[in-house]
Each structure stands twice: as structure tokens, then as C-alpha cells.
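Work through the exercises below with the sequence and the coordinates open. Each task is followed by a solution in steps.

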Amino acid sequence: MQKIPYKIYLEESEMPKYWYNVRADMKNKPAPLLNPGTLKPMTAQELSGVFCEELVQQELDNETQQIEIPEEIREYYKMFRPSPLMRAYNLEKKLGTPAKIYYKFEGNNTSGSHKLNSAIAQAYYAKKQGLKGVTTETGAGQWGTALSMACSYFGLDCKVFMVKVSYEQKPFRREVMRTYGASVTPSPSDTTNVGRKMLEEFPGTTGSLGCAISEAVEVAVGTEGYRYVLGSVLNQVLLHQSVIGVETKTALDKFGIKPDIIIGCAGGGSNLGGLIAPFMGEKLRGEADYRIIAVEPASCPSLTRGKYVYDFCDTGMVCPLAKMYTLGNGFIPAPNHAGGLRYHGMSSVLSQLFDDGMMEARSVEQTQVFAAAEQFARTEGILPAPESAHAICAAVDEAMKCKETGEEKTIVFGLTGTGYFDMVAYEKYHNGEMSDYIPSDDDLAQGFATIPDIKL
Ligand SMILES: *Cc1c(COP(=O)(O)O)cnc(C)c1O
């Protein structure tokens, strides 16, 4: 038996040349985006008012299984990829589990997360189309940072609407974005119609991703030479993130390792969708079977407690309708929620796969998440992002079940990023000031009430 190293690094020459499009292997395709006016599927032409043309093609392409990664993007990937697949020997020892735990670490770049995988692709296509710049929203700031890096590389202007609570709590994130040349506006802002309306209706609101999206779209559509880009949820983003899964599978195959369980945290679904893509492909084609687990915060439980219906992707209702597991576009997590993953909906691809029983979902409470994060930092040395710690938490649970049963299962999870900019949340946890808040059915009903009544 070959000894598995602590870190499996691929050679640059082994890096993926193609993204894998899981939609090609899905029998039940994800539901199309709908035009909210006509309730007809959004056409390429309609979408190209908001998104870059090539990204529109990728968004609508449910058939092509392999999509070539352009040379320029692969060159940029080489600055921070391949990312290591780590064997968590120290965590295994600490837990005393017979399980074998692996994690794919995506935090080894300045943006600190997997988001750069899609940011660089989206910036590349925007540049190729001759655009001046792009607008976007950011919650915790990782996406905005990644996009700022990508835009500065290609010489594009970058306007970021940052959820107000994060803008205030994470000034360093903001400054990283500005270092890369982006302009950062707290959302809701008085620079857009949507923002002004929001401020009027809910003075003192801490903002939401849904609202920041509306603001960014409004500016993109109203400014010549600009398009909007989104860091998660969309089919194209999951496609770009498949680079995580393809690398992971190549690394595992090299050592003849077959995972039993694959785990990822789920906000809008991009890292999970990317990590599981080639494995899900095998499962869909009947070539292999894996347990796949999405982990979400108990305070923002779209898969575990949401409805699978058409809803707006944003609060301002300027975006198309997407069929997804959703808590309602007006859902805002409780103010004490500190762990990211605060989007009200879930990728249509993952929603369909979940609805088809191809994957499981569970929710975890934030004090558990931070306990897992701390244990991980102390054993494996990496200070995880709170988002990533949702996956750690579930991986540890599964490993502890193996300890009870004596099973030597192989668990792979996505460690999406580092948590250096989340120290305010860590501080709350250390001071014992962090509480769990699980929304009541009444709380959720308020969010559900904001879902449009669509009769198809
Ligand atoms: C954005 C982010 C997530 C969640 O987004 P997904 O689209 O669900 O992957 C998870 N972890 C980190 C570190 C992030 O920055």
C-alpha cells in the first residue's frame, strides 16, 4: 500500500483543461431562468443585456459535457492552482476515528477562497467582449475581493456593492478590494433606485445580498460598457468551479482513493456544485455511487426548510426568476448570524439534484460551526473561514459515526477558504457572546410571503 502524503499536489501539466458541465449528464435539467414579465424562459438576447455574451452561452448550455478552459484563464489559474488535496492525519488522530479524511483547500490565494476560480473567468470574458467594467455585490467580501483581483489583472473597472453589515464589520476586506482598484459602496445605498427604496422602507437595515444584487444590476444595465457578474448561484459559476472537483478527482484517482462521502458548505452552491461535479457525473451515469452532503447554516436553511419554487434571485425583483430552494427573496437572516452563507436561495442545478434525491442536506448551528473551526485550526493549522467550517462540522460528525461503527470510510470535504477577515465573529465566539438563532416557522413564513405567486 502506497503511503498517502499529507498534501497531494498535481503538476501544472495535470491541471484540468476543461470545465465539466454536470447539466449535460442530468436527466432532469435545472429549470430555466424566466423573464418575470412574460414568464417565458429568458433568451440569450435578453440575458446579454445583463451578462457577457459568452457567459450567457455557458449559462444556457445544458448539453456540452466538457467546455474548454481558455489558455489565458489557465495561465492565471497557475498563479494559485493546482490547490492541494490534504489528508487530515492530525484531525483523524485527534478524533480517534478510523475514517480517512481529505480536504481540498481553496484558500491559498489573496482573496482567500475558491471564488477566484470564477472571478477570473468572468473578467476574462468581459474583457474579451471589449467591456469597460463590471458591477457586482459582495456579502462577506470574498467574492468582491476575488473579482477586484481578476479585474485589475485584465484592466477592467470594478464596482462592488457590499452588504452594509459586512462593510462596517469588515473594513479590511473593503481595503483589500480598493487596493486592487475596485470602488466599494455599502448596500443599500442612495446611489440607486432600489437602494433608496430599501432605505425608505427599512431605515437602519443591515442589508442583504438580494438587495446588493439589485443595486449592482441596476447600475450595470444603466451604464454603457458595463455588465453584471455574480459570484455564485448561476449555472456558469458552478461550471467554472468544477475545476475544484476535476482536480480533486484527478488527485484521488492517482492514489486509487474512492471517496464514500463528499461534503461541502452551501451558500449559493458554487463550491459544492464545483467540488461534486465529476463525482455527481459518475453517479448520474450510474458508474459509481457517493453520499453527497450539503451543509448550510440553521439560520439560513434554504435546502432543509425552503420551498422549491420560482423566486426572484434578488430583493429588488430586477433579476430573472429562478426555480430553486428558497426562503423567499425578502428573507434576511437574524442579525447575530455571523457565519456567511446568507443567500436566500440555492443554485438551480443543486436544487434539482437535491429534489431528485441525488444529494442530502443538513443544517448546523453557528456555535457548533465555530467549535469545529477552532478544533480544526488547532489540529490542522489552517484558520478556516466560518463558511468552510460548516463542512468541517459535518465531516467531523461523519468521522465520529465511523468511530462508533468502526467503519473506515473515506470522507472528502471542501475547505473553501481562510478566516482571517472573520475575527470579529471568532471574537464573539471566544467571548461566549455568540448565540444560535433558529428561525421559527413564523419567521420563515415572512420570507415565504415575499415569493411571487407564479402560475405556469
Ligand atoms: C462565498 C463562500 C462560500 C459560499 O458560497 P458558495 O457559492 O455556496 O460556494 C463558502 N466558503 C467561502 C470561503 C466563501 O467565500
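UniProt positions are given in the numbering used here, feature names are shortened, and annotations may be inferred rather than shown by experiment. Residues are numbered from 1 along each chain as its sequence is written. The model is predicted: local features need pLDDT of at least 70, side-chain atom pairs count only at pLDDT 80 or more, and totals for chains, interfaces and linings use all residues.

**Exercise 1. Locate the annotated lysine and describe its surroundings.**

Step 1. The unreviewed UniProt entry carries the annotation "modified residue: N6-(pyridoxal phosphate)lysine", which covers K115.

Step 2. Helices (H or I, at least four residues) and strands (E, at least two) are DSSP runs, numbered from the N terminus. On this basis K115 sits in the loop between β5 (100–105) and α5 (116–128).

Step 3. A residue is buried if 20 or more other C-beta atoms lie within 10 Å of its own, exposed if 12 or fewer, and partly exposed in between, with C-beta atoms placed from the backbone. K115 has 30 C-beta neighbours inside 10 Å and therefore counts as buried.

Step 4. Two residues are in contact if their C-beta atoms, placed from the backbone, lie within 7 Å. Not counting residues up to four places away in sequence, K115 touches Q142, W143, A146 and G231.

**Exercise 2. Describe the shell around the ligand and place it relative to the domains.**

Step 1. A residue is near a molecule if its C-beta atom, placed from the backbone, lies within 6 Å of it. The ligand is surrounded by 19 residues, of which S232, G267, S270, E387 and G417 are the closest.

Step 2. At least two shell residues come from each of α6 (142–154), α12 (270–284) and α16 (386–405). The largest share, three residues, belongs to α12.

Step 3. For the classes, Ala, Val, Leu, Ile, Met, Phe, Trp, Tyr, Cys and Pro count as nonpolar, Asp, Glu, Lys and Arg as charged, and the others, Gly among them, as polar. The shell then divides into six nonpolar, 11 polar and two charged residues.

Step 4. Domain bounds come from an automatic or database domain assignment. The ligand shell takes residues from both domain 1 (24–67 + 114–228) and domain 2 (71–112 + 234–448), so the ligand lies between them.

**Exercise 3. Characterise the contact between the two domains.**

Step 1. The C-alpha centres of domain 1 and domain 2 are 21 Å apart.

Step 2. On the domain 1 side 44 residues are in contact with 50 residues of domain 2.

Step 3. The side of domain 1 that touches domain 2 receives at least two residues from each of α2 (53–60), α5, α6, α8 (171–179) and α10 (209–222). Of these, α10 gives the most, with seven residues.

Step 4. By class, this side of domain 1 has 23 nonpolar, 15 polar and six charged residues.

**Exercise 4. Examine strand β7 and the helix residue V165.**

Step 1. Strand β7 (residues 157–163) is mostly covered, with six of its seven residues buried.

Step 2. Two strands pair if DSSP finds at least two bridges between them. Strand β6 (residues 133–138) runs parallel to β7, and six bridges join them. One of the bridge partners is F161 in β7, matched with E137.

Step 3. V165 belongs to helix α7 (residues 164–169). It counts as buried because it has 21 C-beta neighbours inside 10 Å.

Step 4. Leaving out residues up to four places away in sequence, V165 touches T206 and G207. V165 and P335 are 170 residues apart in sequence, with 8.8 Å from C-alpha to C-alpha.

**Exercise 5. Check the backbone for cis peptide bonds and positive phi values.**

Step 1. The peptide bond from R81 to P82 is cis, with omega near -10°. P82 is in the loop between α3 (71–77) and β4 (85–87).

Step 2. The bond from S187 to P188 is also cis, with omega near 5°. P188 is in the loop between β8 (183–187) and α9 (193–201).

Step 3. L39 is not a glycine, yet its phi is positive, about 60°. This residue is located in the loop between β2 (18–20) and α1 (44–47). With 13 other C-beta atoms within 10 Å, L39 is partly exposed.

Step 4. L341, also a residue other than glycine, has a positive phi near 55°. L341 lies in the loop between β13 (321–326) and α14 (348–355). L341 is buried, with 24 other C-beta atoms within 10 Å.
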